[in-house]
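Colleague: I have a model open and some questions about its fold and its chain contacts. Can you take me through them?

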Amino acid sequence: MDSSGLSDHPGPLLALLLFTLVSLALGVVANLTTGGKVGFLRKYFLGNRSLGAFAVALTAAVMSGGTFMGFPSLVYSFGWVVGLWIASYMVAPLTVLGVLGKRIGQLSRRTGAITLPDLFRERYGSPVLGFLTSLLIMFFLTVNLIPQFKAGALIMKIVLPANASTLFTTAGGGGSTDAAYLIGLAIFTATVVAYTAYGGFLAAIWTDVFQSLVMALGVLILFPLAMAASGGLAHATLTGMDQAGPGFAFGPGAGRDFHPIGLAVSFFVMWAITGMGQPSTMVRLMAFRDSRTLRYSILYLTLYNALIYIPLIFIFVAARSILPGLSESDEIMPRLVIKLANPHVAGLILAAPYGAVMSTVSGFLLIVASGLVRDVYQRFLRPTATER
Amino acid sequence: MSRAETPPSDPCRVAEGQAPRSPVPGRRDDPVFVHACREAIIILSFWLAVTVYCCAYSYFFGYIRPGRPLGPDDVRPILGIPSWAFWGFVVPWLLCALFTVWFAGFYMADDDLGDDRAGELDADIRQGGADG
């Protein structure tokens with residue numbers, strides 16, 4: 001991605017560094033809270049089943065790098081039909097948290113489970129099922145982590161000063177490797193691994209909450225700026241139709257059949273129903289404080305989704321008349337931010353996708369770690385090991 | 001010691017006269033299970049209604065189909081939003097939020113989820129290791 005305009009100004013880099021420092025600080029505070037040997041694993045991996053409604057809602061929001069990079073690109077490319085693509089998020093909080101939430105909360109307490117394999121193993125009385133669950137979760141989440149690390153590295157790369165990569169390349173004797181990308185990857189990895197490993201589940205949760213609030217703030221800042229700059233949604237829609245064809249305003253989408261109706265039905269199943277089996281969400285269902293907390297978390301998440309996704313659709317439809325004819329649609333988010341906001345505000349808004357990626361990685365890392373510690377090391381290798 | 005309850009073949013029902021095989025409340029006597037089932041049925045019915053409405057409305061009023069070309073005159077914006085999108089998913093999204101406020105805020109039952117027995121499970125694992 002062309003980084004001109006971002007690396008020229010220190011604002012975005014400062015914002016991301018500040019964001020990183022706050023995340024690390026939350027990890028330290030979480031570590032102090034988790035202290036003590038009694039019930040350490042339960043505290044470290046489940047936050048002592050004490051999550052409040054706000055924390056459950058904002059950390060189950062399933063935001064990832066795709067929310068702020070891929071989704072805007074889809075809206076910019078294919079138009080209004082992408083709203084239907086994501087529309088099941090209106091009901092997903094109810095299905096994902098409400099259908100299984102109480103029973104998972106009850107069974108995890110009754111069985112004493114602190115990991116998902118624990119839960120399956122104890123609930124069905126089957127060590128084999130527990131082991132298989134552990135293997136499946138660790139394998140698929142590890143694979144899922146790779147694109148998240150890449151997204152985090154790319155965001156860091158575009159805000160790094162141009163001369164940082166030059167210095168790195170010179171020191172390393174040159175070569176064809178993308179030095180800025182490697183620096184971005186190193187910074188991102190060190191940060192997220194540090195606060196997750198040090199602070200455990202609570203660190204991941206607290207940084208998730210912090211990051212989710214930054215994301216919402218970023219969207220709410222960008223929304224009026226985009227509306228004002230585009231001349232209104234109707235104008236932006238007609239501009240999009242001029243550029244991409246009538247499909248920009250209608251289904252199945254501009255340019256190609258992005259979202260035929262059969263696929264639309266499938267996505268209502270995928271987001272809202274299969275989301276119930278998302279490991280990071282199920283872990284939160286083992287960790288909420290009580291059923292009242294569950295009720296309010298459903299409510300908060302519904303409002304949060306409406307607050308994030310509806311404005312995102314409007315913003316990136318409007319982007320068609322603000323930045324017409326962008327050849328690389330994946331760049332629309334940072335380019336729009338640079339175009340509309342001053343560099344310091346741009347840094348804050350760019351922290352949104354960075355935070356989304358960080359929160360996804362921290363959640364996944366913790367599940368993989370809990371699988372290794374509880375379901376492999378403690379169950380099979382050293383059952384009598386001390387908790388710390 | 002296993003704290004698992006025995007799963008009946010039907011996830012929402014225990015056969016007449018069947019006694020639970022573990023020292024936990026039978027499913028029909030367990031208010032958490034009864035409430036969870038009732039709430040799950042309502043939620044899944046609501047999800048089905050939302051899916052059918054959004055997809056059907058969007059398809060019939062907002063999709064370009066063979067024999068039904070659409071152009072700028074068919075956008076008919078409401079607050080700048082194409083009419084089909086406004087009625088197809090924006091308004092349903094807001095109504096869905098209202099339903100959720102009622103359902104989660106007032107309808108769902110507050111149930112006692114029981115005591116956390118993580119300490120017992122941990123002791124079992126250690127005991128198994130010491131014995132083995």
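Colleague: Among contacts in chain A with a separation of 6 or more, what share comes from residues 24 or more positions apart?
Modeller: Keep in mind that this is a predicted model. Take the contacts in chain A with a separation of 6 or more. Residues 24 or more positions apart account for 84%.

Colleague: How many helices and strands does chain A have?
Modeller: Chain A has 388 residues, and 61% of them are buried. Its strand count is zero, and its helix count is 17.

Colleague: Is A:Lys102 buried or exposed?
Modeller: A:Lys102 sits in helix α7, residues 101-111 of chain A. Beyond its neighbours within four places in sequence, its contacts include A:Ser291 and A:Leu294, and also B:His35, B:Glu39 and B:Asp111. The cut-off for burial is under 20% relative accessible area. A:Lys102 has 1% relative accessibility, so it counts as buried.

Colleague: How are α13(A) and α1(B) oriented to one another?
Modeller: Helix α13 spans residues 261-272 of chain A, and helix α1 spans residues 31-62 of chain B. Their axes come within 10 Å and cross at roughly 155°. Angles over 145 degrees count as roughly antiparallel. Therefore α13(A) and α1(B) are roughly antiparallel.

Colleague: In the contact of α13(A) with α1(B), how many residues are nonpolar, polar and charged?
Modeller: From α13(A) come residues including A:Ile261, A:Phe268 and A:Val269. They meet α1(B) residues, among them B:Trp47, B:Thr51 and B:Tyr59. The residues of this contact divide into no charged, one polar and 11 nonpolar.

How values were computed: Residues numbered from 1 in each chain as written. Chains lettered and ligands numbered in written order. Predicted model: local features only at pLDDT ≥ 70, side-chain atom pairs only at ≥ 80, totals over all residues. Heavy atoms only, no water. Helix = DSSP H or I, 4+ residues; strand = E, 2+ residues; numbered from the N terminus. Buried < 20%, exposed > 50% of the residue type's maximum accessible area, 1.4 Å probe, protein only. Contact = heavy atoms within 4.5 Å. Axes fitted to C-alpha atoms, helices over the stretch in contact; angles between N-to-C directions. Parallel < 35°, antiparallel > 145°, perpendicular 65-115°, else oblique. Nonpolar A, V, L, I, M, F, W, Y, C, P; charged D, E, K, R; others polar.
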